[in-house]
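Please open the model in the viewer and keep the selection panel at hand. The tour proceeds by selection, one stop at a time.

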Amino acid sequence: VEMGPSSQVNLRVASLKTTLATKLPSRVLLPAIAKCYSEIANASKNYVGTIMDILKEHIVTLEKDQLSAHQSELTTFFTKALDFRAEHSQDNLETVGKIEAGIITCLISMVMKLSEMSFRPLFFKLFDWAKTEGAPKDRQLTFYRLADCIAGELKGLFSLFAGHLVKPFADNLNQINTSKTDADEAYFDSEGDTEKSCLLLQYSLDCLYKIFLFDSHHFVSKERAETLMLPLVNQLENMLGG
């Protein structure tokens, strides 16, 4: 049986996904997606992408008032889904990264439909979620990857929300700089510390790059420049992963 992208089976599956996404009302689809995610996130995690595809297509079709009515429910779901990396901290990093990418892409489809007033509390809720005392450090990987992706989409507008990230960015750059920390001190309390630290450095620097590149709101004040300058310059001595 032919199973390529254009096979009859795959075409029918794609059609079914679109039907579910566009024909079912949110009050029916969203609880079903949340239930499915809970059941497959561990047992059949390779199918998480399919759920995210359906949800993304559904979100894209929602009118502004419909999205507003279900934003709280969606926020609860995404907060759970974004914990995928932390809940699979011992799994293959590449596999986890691919699944997480689908979750982030789906969330961004919602972010791009929100007003500034609606997005701001969501963003800071996710920031608190990642930085809460006792939270798994893998959440920081997820958050800064998400922030980098959002910065790429919102461009100059992201600087309106990024002020809270300046000190955490500086802290990250210092804490994962081998020239500033004990060589035996692991930042992540799980397997693959070096690889994860490299990813955190990558996401942090990529996000900062986009903030600077698209800065049209005078984001880089004297105080912020002073906070970030030394941690950034010190990266020249960082031998992480080397």
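Where is the place of Phe 161? In this predicted model, Phe 161 lies in the loop between helix H8 (138-154) and helix H9 (166-175).

Select Phe 161 and display its side chain. With a relative accessibility of 4%, this residue counts as buried. Next, add its contact partners to the selection, leaving aside neighbours within four places in sequence: Glu 116, Phe 119, Arg 120, Phe 123, Phe 124 and Leu 154. For a distance across the model, pick the C-alpha atoms of Phe 161 and Lys 196: 25 Å separates them, and the two residues are 35 residues apart along the chain.

Move now to helix H4 (residues 64-81) and select Gln 71, which is found there. Gln 71 counts as buried, at 15% relative accessibility. When neighbours within four places in sequence are set aside, Gln 71 is in contact with Leu 114 and Ser 118.

The last stop concerns the cysteines. The structure contains zero disulfides. Select Cys 106, which takes part in no disulfide; the nearest cysteine sulfur belongs to Cys 149 and is 13 Å away. Cys 106 is buried, its relative accessible area being 1%.

Then select Cys 207 together with Cys 149. Why is there no bond between their sulfurs? The sulfur of Cys 207 is 9.2 Å from that of Cys 149, the closest cysteine sulfur, which is too far for a bond, because a disulfide requires a pair of cysteine sulfur atoms within 2.5 Å. Cys 207 is also buried, with a relative accessible area of 0%.

Notes:
Residues are numbered from 1 along each chain as its sequence is written. This is a predicted model: local features need pLDDT of at least 70, side-chain atom pairs count only at pLDDT 80 or more; totals for chains, interfaces and linings use all residues. Side-chain values use heavy atoms; hydrogens and water are left out. Buried means under 20% relative accessible area, exposed over 50%, partly exposed in between (1.4 Å probe, protein chains only). Helices (H or I, at least four residues) and strands (E, at least two) are DSSP runs, numbered from the N terminus. Contact means heavy atoms within 4.5 Å.
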